[in-house]
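This report describes the fold and selected residues of a single protein chain. The account moves from overall properties to individual helices and residues.

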Amino acid sequence: GDFVTVIGGNGAGKSTMLNATAGTFFVDSGKVIIDGSDVTNLPEHKRAAFIGRVFQDPMMGTAPSMWIEENLALAARGLSWGVTKEEKEQYRELLGGLGLGLESRLTTKVSTLSGGQRQALTLLMATLKRPKLLLLDEHTAALDPKTAAKVMELTDRIVREGQLTTLMITHNMRDAIQYGNRLIMLHDGHVILDIAGEEKKKLTVPDLLEQFTKASGDEFANDRAILS
């Protein structure tokens, strides 16, 4: 049930860790264990039974030429023809909770949605079957600030309500501090900071930068993170 935010400079190993967890890359040593199951040797498509993932690019994670209701049906039960009346009602209710007006657009092609709408839909699809692990790969980085804030609010609500174990990579230090109950910082492929609970709640961006310098001996060389 932990919501872990992961930060680090360019080349720290954030994407490598996430891709190794998802099965995009195989590890050279060690094991990947999800909820007690050793998935180290499982390919990416088989790990999908355990993992939900939202990518940085809003164009990924959905089938753009299919309708919204078809995308949700695909996430819920895989490839099959038709969407039942009961499923339509379920999808309307779920989409209504996003507050984006998508509940009245079930037969709209996903390709016509804005980046924020698509990311919100992808988030809903990734969590529809309550995965053992939700991976968020800088999923707000391509959005404008207002839309990114909205998607983060939705993310936080969905994670809390579903009690989903979540790993979120972000360059936004404020988001890393504000959301989740645990924060990990990577540097040169190693965890150099692991802060949780009350200690995390008291963090500020200057505090985090200072702790990074103490732990790594380097300055945090990533302007995008510092300015976020």
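Residues 24 or more positions apart supply 65% of the contacts with a separation of 6 or more in this predicted model. The secondary structure comprises 10 helices and eight strands. The radius of gyration is 18 Å, close to the 17 Å expected from the globule rule for 228 residues, so the protein is as compact as a globular protein of that length. The C-alpha trace extends over about 60 × 40 × 30 Å along the principal axes. Of the 228 residues, 45% count as buried. The exposed surface amounts to about 11,900 Å², of which carbon and sulfur atoms supply 51%. With regard to charge, there are 26 positive and 29 negative groups, and the mean positions of the two sets are 6 Å apart.

**Helix α6 and its surroundings**

Helix α6 covers residues 145-162. For its 18 residues, a rise of 1.5 Å a residue predicts a span of 26 Å, which agrees with the 25 Å between its end C-alpha atoms. The buried residues of α6 are Ala148, Val151, Met152, Leu154, Thr155, Asp156, Ile158, Val159 and Gly162. An α-helix has 3.6 residues a turn, so residues three or four places apart point the same way. Several elements pack against the buried residues of α6: strands β1 (3-8), β5 (133-137) and β6 (166-169), together with helices α5 (115-127) and α7 (173-178).

Val151 lies in α6, and its relative accessibility of 2% is under the 20% limit, so Val151 counts as buried. Apart from neighbours within four places in sequence, Val151 is in contact with Gly116, Gln119, Leu123, His139, Thr140 and Leu143. The C-alpha atoms of Val151 and Gly1 are 20 Å apart, with their positions 150 residues apart in sequence.

In the loop between α6 and β6 is Gln163. Its phi is near 50 degrees, a positive value in a residue other than glycine. At 66% relative accessibility, Gln163 is exposed.

**Helix α1 and a second positive phi**

Helix α1 spans residues 14-22, and its buried residues are Lys14, Leu18, Asn19, Ala20, Thr21 and Ala22. The cover over these residues includes β1, α2 (44-47), β4 (51-54), β5, β6 and β7 (182-187). Gly23 follows α1 and has a positive phi near 95 degrees.

Asp35 is found in the loop between β2 (33-34) and β3 (37-38). Although Asp35 is not a glycine, its phi is positive at about 50 degrees. Asp35 is exposed, with a relative accessible area of 56%.

**Ile177, Lys200 and Asp194**

Ile177 belongs to helix α7. Its relative accessibility is 14%, and because the limit for a buried residue is under 20%, Ile177 counts as buried. Beyond its neighbours within four places in sequence, Ile177 is in contact with Leu183, Lys200, Leu203, Thr204, Val205 and Leu208. Ile177 and Ala149 are 28 residues apart along the chain, and their C-alpha atoms are separated by 14 Å.

Lys200 is located in helix α8 (residues 197-201). Which kind of environment, buried or exposed, does Lys200 have? With a relative accessible area of 2%, Lys200 is buried. Residues up to four places away in sequence aside, Lys200 touches Thr5, Ala176, Ile177, Gln178, Tyr179, Gly180, Asn181, Arg182, Leu183 and Ile195. Between Lys200 and Leu164, 36 residues apart in sequence, the C-alpha separation is 19 Å.

Asp194 lies in strand β8 (residues 190-196). At 42% relative accessibility, Asp194 counts as partly exposed. Excluding neighbours within four places in sequence, Asp194 is in contact with Arg182, Leu183 and Ile184. Asp194 and Ile184 are 10 residues apart in sequence, and their C-alpha atoms are 4.6 Å apart.

The table collects the relative accessibilities of the residues discussed individually.

| Residue | Relative accessibility | Class |
|---|---|---|
| Val151 | 2% | buried |
| Lys200 | 2% | buried |
| Ile177 | 14% | buried |
| Asp194 | 42% | partly exposed |
| Asp35 | 56% | exposed |
| Gln163 | 66% | exposed |

Methods
Residues numbered from 1 in each chain as written. Predicted model: local features only at pLDDT ≥ 70, side-chain atom pairs only at ≥ 80, totals over all residues. Heavy atoms only, no water. Helix = DSSP H or I, 4+ residues; strand = E, 2+ residues; numbered from the N terminus. Rg over C-alpha atoms; globule rule 2.2 N^0.38 Å. Buried < 20%, exposed > 50% of the residue type's maximum accessible area, 1.4 Å probe, protein only. Contact = heavy atoms within 4.5 Å. Areas by Shrake-Rupley, 256 points an atom, 1.4 Å probe, with all protein chains shown as cover. Lys, Arg positive; Asp, Glu negative; His and termini not counted. Charge placed at Lys NZ, Arg CZ, Asp CG, Glu CD. Expected span 1.5 Å × (residues − 1).
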